[in-house]
Amino acid sequence: MGTTGLVATLPSSRSPVVEVTRPVEGIVAGLFDGHAAGLYRLSLTMLHDPDQAQDVVQDTFLRLITHVEAGGPLANARGWLYTVAAHACRDRQRGLGRWLPWIAALDRRPSRESADAADGRAVVLRAIRALAPRDRLLVALRAQGLSYQEIAQAAGIQPASIGRLLARALDRLQKELDGQVAAIPHRDQR
Amino acid sequence: MSRCLSDEELQAIADGESGTAGDPHATECASCAKRLEARRRITGRLVEAAGTAALPDAVRDAMRARLDAGGAGAPRGATTLRPVRRAPGWAWAAGAAAAAALVFFFVVVPGVDRRTTVSAAEILGRSRTALGADVTGIEVLTYDLALEGVLGDLIPRDHAGRFTVEETIDHDREGRYRIVKLAANGQVVEGAADDSLRQTRVRYLRADGNGFLFRFTAAEPTALSAPALKRALLQTLITLMQTSSGQTLQELQRDGEACYQVEIRESLVPAGLPFALERARAVVTAADSRLVEFSAAGSVADRPFTIDFALRSREMRPAASAQDSDFDIAPQPGDVVFEGNVTIASSNPIWDIVSRSLSAIPPAPGRPHSR
């Protein structure tokens, strides 16, 4: 693997842009260590399939290698990675052909008697799964700690609209959670 | 007191995106403080559920391995190939716009319902389907084949290793084919030819430097022809590849033809099955999903095997061009030729050879004959 020029943006107290030359392996390895987990979580939240999520992460980093080798700009590597991964998730969702929302009444999986943290996470993930694709993408990106600007870039939405859309998406997530709680039969009623 | 904050403004404060330390109203107004707290709570639940789980080591290692394997200098690919979008520079904007219009009308519109992505499993599926597709006419294939291990043991040791095969199939008449193994000089060293039209069955082999040709008439079609066996084997192996995760996919050019290469480096076929695939590689034409290269290593009943197949040429001829000699094998000078009707009614050609060979041995008078 060759070397390439990388444009890095540093804090304003220093020179805003510097040219550094690092082997592509080093750039990719560093970004993989820093962002693979977040990209995987994003993909898993969007696709609910560990294999597909792995594929998205792999595709994203393979594209990164091509991008860096071609000397492409990478001023905001995190934003770039999440944008590519978000597009990949959307491509795969379209490929699924039909999206089946999770419906509590149809879920026949046995549940544990006592709730714990894992249960709480599972409830939220199921609620995310029931959201519309755009809402799901917005909350999944927000969950990875992306800024509004980065979310806008990854989701292809005007930055000024992110706050409003995200607030609505979270409202719908809250409603889903409330609905799931209401759908659980009370122990005395069983 | 200032006005109450909107949901958007409260969300921005909860997300640290309000630009300042936050609107003081959010703390002064009990209603807004409660709403802000609710937003922080749902955001916190979201982050905790979907944003904090650590990447399992096994998943991380698997992805790193796949990326390492896909580094520069090595074949690179993912399980899915998608067209790479590159933004044109401003200088190219006008030309790009014109090209985009042409592409839209001549490519996008006619293919609006086509899928823009193709996965490794999908390519393998198409290839498997193409192997069994209905074709008409005479097909002549020339390919290199190498069988080792348990598959190589099925053929005489002298004939194992890498060899060139010429295969002629009449797709309009079942049981009409010729498959011969060729030496480097083009001489036939082993072969089989069945002609269901003439009811002939020919087998050829060489042993100890001598050629033996068995030609039978009034023969029933064989239960399973050699091309059908080969096709079934390849279909089985491709199906095993489909069931494996960790497929990588890349585009390549083979003899000027666009192809897809699907590769697996480890198979996740469940343990306990008699057939296991350890690694495999298939090259499939992009245009018509023909399998042009295939290599695999695995085991059958815990006995290892390898197979290596590479298509050299393929020719399709009209059915009317078929000649009797296309489905026959001619004897070479010095060959021993056995000819006659089949003596045991069977669709298994082995019985023909055995019975014809035995009948050629003169009976010994008075006592058992041994050689």
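The exercises below, each with a worked solution, concern a predicted model.

**Exercise 1.** Find out how far helix α1 (residues 7-14) of chain B is enclosed by the rest of the structure.

*Solution.* Begin with the buried residues of this helix, which are B:Glu9, B:Leu10, B:Gln11, B:Ala12, B:Ile13 and B:Ala14. Six of the eight residues of α1(B) are therefore buried, so the helix is largely enclosed by the rest of the structure. As a last step, look just after α1(B), where B:Gly16 takes a positive phi of about 70 degrees.

**Exercise 2.** Check whether the span of helix α3 (residues 30-50) of chain B agrees with its number of residues, and list its buried residues.

*Solution.* The helix has 21 residues and, at 1.5 Å a residue, should span 30 Å; the expected span is 1.5 Å times one less than the number of residues. The C-alpha atoms at the ends of α3(B) are 30 Å apart in the model, which agrees with the expectation. Turning to burial, the residues of α3(B) that are buried are B:Cys32, B:Leu36, B:Arg39, B:Thr43, B:Arg45, B:Leu46, B:Ala49 and B:Ala50.

**Exercise 3.** Describe the largest nonpolar core and the contacts of A:Tyr82.

*Solution.* The largest nonpolar core has 57 residues, and those with the most contacts inside it include A:Tyr82, A:Ala85, A:Val139 and A:Leu173. Its largest share, twelve residues, comes from helix α1 (residues 24-47) of chain A. If neighbours within four places in sequence are left aside, A:Tyr82 is in contact with A:Leu39, A:Leu42, A:Leu141, A:Leu146, A:Glu150 and A:Ala154. Another core, of 24 residues, lies apart from the largest one, and among its members are B:Ile123, B:Leu124, B:Met241 and B:Leu277.

**Exercise 4.** Is A:Gln58 buried or exposed?

*Solution.* First place the residue, which lies in helix α2 (residues 50-69) of chain A. Next consider its surroundings: 25 other C-beta atoms lie within 10 Å of that of A:Gln58, and 20 or more are needed for a residue to be buried, so A:Gln58 is buried. Finally, A:Gln58 and A:Ala85 are 27 residues apart in sequence, while their C-alpha atoms are 9.5 Å apart in space.

**Exercise 5.** Work out how the pLDDT varies along chain A.

*Solution.* Chain A averages a pLDDT of 74, with 68% of the residues scoring at least 70. Among its elements, strand β1 (residues 3-9) has the lowest mean, 37, and helix α5 (residues 133-143) the highest, 92. The pLDDT is below 50 over residues 1-21 of chain A, a stretch that has 37 contacts in the model beyond near neighbours in sequence. Over residues 106-115 of chain A the pLDDT is also below 50, and this stretch has three such contacts.

How values were computed:
Residues numbered from 1 in each chain as written. Chains lettered and ligands numbered in written order. Predicted model: local features only at pLDDT ≥ 70, side-chain atom pairs only at ≥ 80, totals over all residues. Buried ≥ 20, exposed ≤ 12 C-beta atoms within 10 Å, placed from the backbone. Helix = DSSP H or I, 4+ residues; strand = E, 2+ residues; numbered from the N terminus. Core = buried A, V, L, I, M, F, W, Y, C linked by C-beta atoms within 7 Å. Contact = placed C-beta atoms within 7 Å. pLDDT = per-residue confidence, 0-100.
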